[in-house]
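Work through these exercises with the model open beside you. Try each task before you read its solution.

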Amino acid sequence: MKSKKIVITGGPSTGKTVIVQQLEALGYTCFHEIVRSMTLEAKEKGNPDSFVSNPLAFVKDPFEFNQRILSRRMEQYSKSVNMNIPYVFFDRGIPDVLAYMDYFDQSYPRDFEEACTTNRYDKVVILPPWEKIYVSDNERLESFEEAIEIYDHLKKTYMRYDYEPVIIPTGTVEERISFLLNEVKKD
């Protein structure tokens, strides 16, 4: 049995992490977001007084930072390939790297794009901006308005790679998970 690979994406503070944690509590295999820990690490090494919304502003080499993110997301994908379970969930996917780089107006080489075309997911679900639950913190630096723009970039990037992202409506965690699992089981 080949596992179906499901990406859960969306802008900052849309409820992705809570949904992934709840899916794990239900017994599903999930790969967690890696950027928060990398952002905190970069923040600790950089100048904490110089923070803006772009975590790349305080890393020595923004391109290298993005390469590390891409590499770690590809490692997650590779680990999922031989899993013999029905579903594997990812808190963000490989195309998220390009969406954020587009948002921050950064160029990337062809191998970044090839990573998106050769490592395919079976379904992409996207959580829309939701001001009621939006929170900024030490690793989530974007404003709500920036979160809306990032959401738009994410949606466009996945569509550019021939995905049809399914939008998970706002609601309780249970309602969102129920919607997600119903969408996943449709195929």
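**Exercise 1. Cysteines**

Task: Find how many disulfides the structure holds, and decide whether cysteine 30 is buried or exposed.

Solution.
- Step 1. This is a predicted model. It holds zero disulfides.
- Step 2. Take cysteine 30. Its relative accessible area is 9%. The cut-off for buried is under 20%. Cysteine 30 is therefore buried.
- Step 3. Do the same for cysteine 116. Its relative accessible area is 1%, so cysteine 116 is buried too.

**Exercise 2. The whole chain**

Task: State how many helices and strands the protein chain has, and give their pattern along the sequence.

Solution.
- Step 1. Count the elements. The chain has seven helices and five strands.
- Step 2. Read along the sequence. The pattern is β-α-β-α-α-β-α-α-β-α-β-α.
- Step 3. Look at burial. Of the chain's 187 residues, 50% count as buried.
- Step 4. Look at the surface. The accessible surface is about 9,300 Å², and carbon and sulfur atoms account for 49% of it.
- Step 5. Check the reach of the contacts. Take those between residues at least 6 apart in sequence: 77% of them join residues at least 24 apart.

**Exercise 3. The sheet**

Task: Work out in what order the strands lie in the sheet, and which strands stand at the edges.

Solution.
- Step 1. Five strands form an open sheet, in the order 2-3-1-4-5. The pairing is parallel.
- Step 2. Strand 2 (29-31) and strand 5 stand at the edges. Each has a single partner strand, so one side of each lacks a neighbour in the sheet.
- Step 3. Move to strand 4 and strand 5. They pair in the parallel sense over two bridges.
- Step 4. Find isoleucine 126. It stands opposite isoleucine 167 in strand 5.

**Exercise 4. Helix 7**

Task: Show why the buried residues of helix 7 line one face of the helix.

Solution.
- Step 1. Locate the helix. Helix 7 covers residues 173-186, 14 residues in number. From first C-alpha to last, it reaches 20 Å, close to the 20 Å expected at 1.5 Å a residue.
- Step 2. List the buried residues of helix 7: Arg176, Ile177, Leu180, Leu181, Glu183 and Val184.
- Step 3. Look down the axis of helix 7. The buried residues fall within an arc of 160°, so they line one face.
- Step 4. Recall the helix geometry. An α-helix has 3.6 residues a turn, so residues three or four places apart point the same way.
- Step 5. Turn to the face away from the buried side. Glu174 and Lys186 are exposed there.
- Step 6. Ask what covers the buried residues of helix 7. The cover includes strand 1 (4-10), helix 1 (16-25), strand 3 (87-91), strand 4 (123-127) and strand 5 (166-167).

**Exercise 5. Helix 5**

Task: Name the buried residues of helix 5, and say which helices they pack against.

Solution.
- Step 1. In helix 5 (residues 110-118), Phe112, Ala115 and Cys116 are buried.
- Step 2. These residues cover an arc of only 95° around the axis, which puts them on the same side of helix 5.
- Step 3. Their packing partners are helix 3 and helix 4 (94-103).
- Step 4. The face turned away from the buried side carries exposed Arg110 and Thr118.

**Exercise 6. Two residues of helix 3**

Task: Decide whether glutamine 76 is buried or exposed, then find what it contacts.

Solution.
- Step 1. Glutamine 76 sits in helix 3 (residues 62-81).
- Step 2. Its relative accessibility is 10%, so glutamine 76 counts as buried.
- Step 3. Leave aside neighbours within four places in sequence. Glutamine 76 then contacts Phe31, His32, Ile34 and Phe90.
- Step 4. Now take arginine 68, also found in helix 3. At 27% relative accessibility, arginine 68 counts as partly exposed.
- Step 5. Compare arginine 68 with isoleucine 34. They are 34 residues apart in sequence and 9.9 Å apart in space, C-alpha to C-alpha.

**Exercise 7. Positive phi**

Task: Find where arginine 92 lies and where aspartate 105 lies, then give the phi of arginine 92 and of aspartate 105.

Solution.
- Step 1. Start with the background. Most residues other than glycine have a negative phi.
- Step 2. Arginine 92 is in the loop between strand 3 and helix 4. Its phi is near 85°, a positive value.
- Step 3. Aspartate 105 is in the loop between helix 4 and helix 5. Its phi is near 55°, also positive.
- Step 4. Check burial. Arginine 92 has a relative accessible area of 5%, so it is buried. Aspartate 105, at 71% relative accessibility, counts as exposed.

Note on methods: Residues numbered from 1 in each chain as written. Predicted model: local features only at pLDDT ≥ 70, side-chain atom pairs only at ≥ 80, totals over all residues. Heavy atoms only, no water. Helix = DSSP H or I, 4+ residues; strand = E, 2+ residues; numbered from the N terminus. Expected span 1.5 Å × (residues − 1). Buried < 20%, exposed > 50% of the residue type's maximum accessible area, 1.4 Å probe, protein only. Arc of directions from axis to C-beta. Contact = heavy atoms within 4.5 Å. Areas by Shrake-Rupley, 256 points an atom, 1.4 Å probe, with all protein chains shown as cover. Disulfide = S-S within 2.5 Å. Pairing = 2+ DSSP bridges.
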